[in-house]
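Reader: I should like to examine this structure through a series of specific questions. Please show the sequence and the model before we begin.

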Amino acid sequence: MKAGWLRHSITIQQKSGSSRSAIGEDVPAWATLATVWASIEPIRGSEGIALRNEGSEITTKIRTWYVAGVTPAMRVVHGSVVYNILEAYSPLEKGVELEMLCSREAS
């Protein structure tokens with residue numbers, strides 16, 4: 001991965017509890033795990049077709065330098081856009097890069 005590809009500042013967040021809304025719903029609270037530079041790539045072409053045929057919700061691939069402890073229970077925030085992490089892994093299993101396959105949260 002080239003550093004020049006990492007042009008988006010993102011925040012990786014983890015749940016830190018919850019509170020009740022005015023109508024009694026549980027509202028999760030989020031805390032920052034890390035703020036890093038990343039590439040955000042929409043899934044297109046044959047890769048997107050294959051994922052949709054499998055019934056996947058994956059719409060976006062986010063790549064950055066490795067951040068330990070990232071799990072699908074977390075989310076990514078980029079500006080006002082929130083992405084739910086569906087899968088997080090180190091592509092070469094060397095702990096150098098991190099890829100997160102995500103779905104965009106409805107606004």
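Author: The exchange below concerns a predicted model and proceeds from its overall make-up to individual residues.

Reader: In what order do the elements of the protein chain run from the N terminus on?

Author: The secondary structure of this chain comes to one helix and six strands. Read from the N terminus on, the order of these elements is β-β-α-β-β-β-β.

Reader: Which element of the protein chain has the lowest mean pLDDT?

Author: The chain as a whole has a mean pLDDT of 86, with 85% of its residues at 70 or more. Among the elements, strand β4 (residues 75-78) has the highest mean, 97. The lowest mean, 55, belongs to helix α1 (residues 45-53).

Reader: What percentage of the residues in the protein chain is buried?

Author: A residue counts as buried when its relative accessible area is under 20%. Of the 107 residues in the protein chain, the buried ones make up 36%.

Reader: How many residues of strand β6 are buried?

Author: Strand β6 covers residues 97-104 and is mostly covered. Of its eight residues, the number that are buried is seven.

Reader: With which strand does β3 pair, and over how many bridges?

Author: The pairing of β3 is antiparallel. One position that illustrates it is T64, which stands opposite L98 in β6. The partner strand is β6, and the number of bridges is six.

Reader: Which residue of β6 stands opposite Y89?

Author: Strand β5 (residues 81-89) also pairs with β6 in the antiparallel sense, over six bridges. Opposite Y89 in β6 stands E99.

Reader: Why does T64 count as buried?

Author: T64 is found in strand β3, which spans residues 60-65. The limit for a buried residue is a relative accessible area under 20%. T64 therefore counts as buried, because its relative accessibility is 1%.

Reader: Which backbone oxygen does the side chain of T64 reach?

Author: The contact is made from the side chain of T64, at 2.6 Å. The backbone oxygen reached is that of W37.

Reader: Is Q14 buried, partly exposed or exposed, and what is its relative accessible area?

Author: Q14 is found in strand β1, residues 8-20. The partly exposed class lies between the buried limit, under 20%, and the exposed limit, over 50%. Q14 is therefore partly exposed, with a relative accessible area of 30%.

Reader: What distance separates the C-alpha atoms of Q14 and W30?

Author: Not counting residues up to four places away in sequence, Q14 touches A29, W30, A31, L33 and M74. Q14 and W30 are 16 residues apart along the chain. Their C-alpha atoms are separated by 5.5 Å.

Reader: Which strand supplies the largest share of the largest nonpolar core?

Author: The core has 17 residues, of which I10, I12, I62, V70, V76 and M100 touch the most other members. Strands β1, β2 (26-42), β5 and β6 each supply at least two residues of this core. The largest share, four residues, comes from β2.

Reader: Which residues is I62 in contact with, leaving aside its neighbours within four places in sequence?

Author: The contacts of I62 include two of the other core residues that touch the most members, I10 and V76. In full, I62 is in contact with I10, A38, S39, I40, V76, Y83, L98, E99, M100 and C102.

Reader: Are D26 and R20, which meet in a salt bridge, buried or exposed?

Author: The count of salt bridges comes to four. In one of them the side chains of D26 and R20 meet, at 3.4 Å from N to O. Both residues are exposed.

Reader: How far apart in sequence are the parts that the pair E99 and R63 ties together?

Author: E99 forms a salt bridge with R63, with the closest N and O atoms 3.5 Å apart. E99 lies in strand β6 and R63 in strand β3, so the parts tied together are separated in sequence by 36 residues.

Reader: Which residues do salt bridges that share partners join into one network?

Author: R63 also forms a salt bridge with E97, the closest N and O atoms being 3.5 Å apart. E97 and R63 are both buried, and E99 is buried as well. The network joins E41, R63, E97 and E99.

Conventions: Residues numbered from 1 in each chain as written. Predicted model: local features only at pLDDT ≥ 70, side-chain atom pairs only at ≥ 80, totals over all residues. Heavy atoms only, no water. Buried < 20%, exposed > 50% of the residue type's maximum accessible area, 1.4 Å probe, protein only. Polar contact = N/O pair within 3.5 Å; in protein donor to acceptor, adjacent residues only side chain to side chain. Pairing = 2+ DSSP bridges. pLDDT = per-residue confidence, 0-100. Contact = heavy atoms within 4.5 Å. Core = buried A, V, L, I, M, F, W, Y, C linked by side-chain atoms within 4.5 Å.
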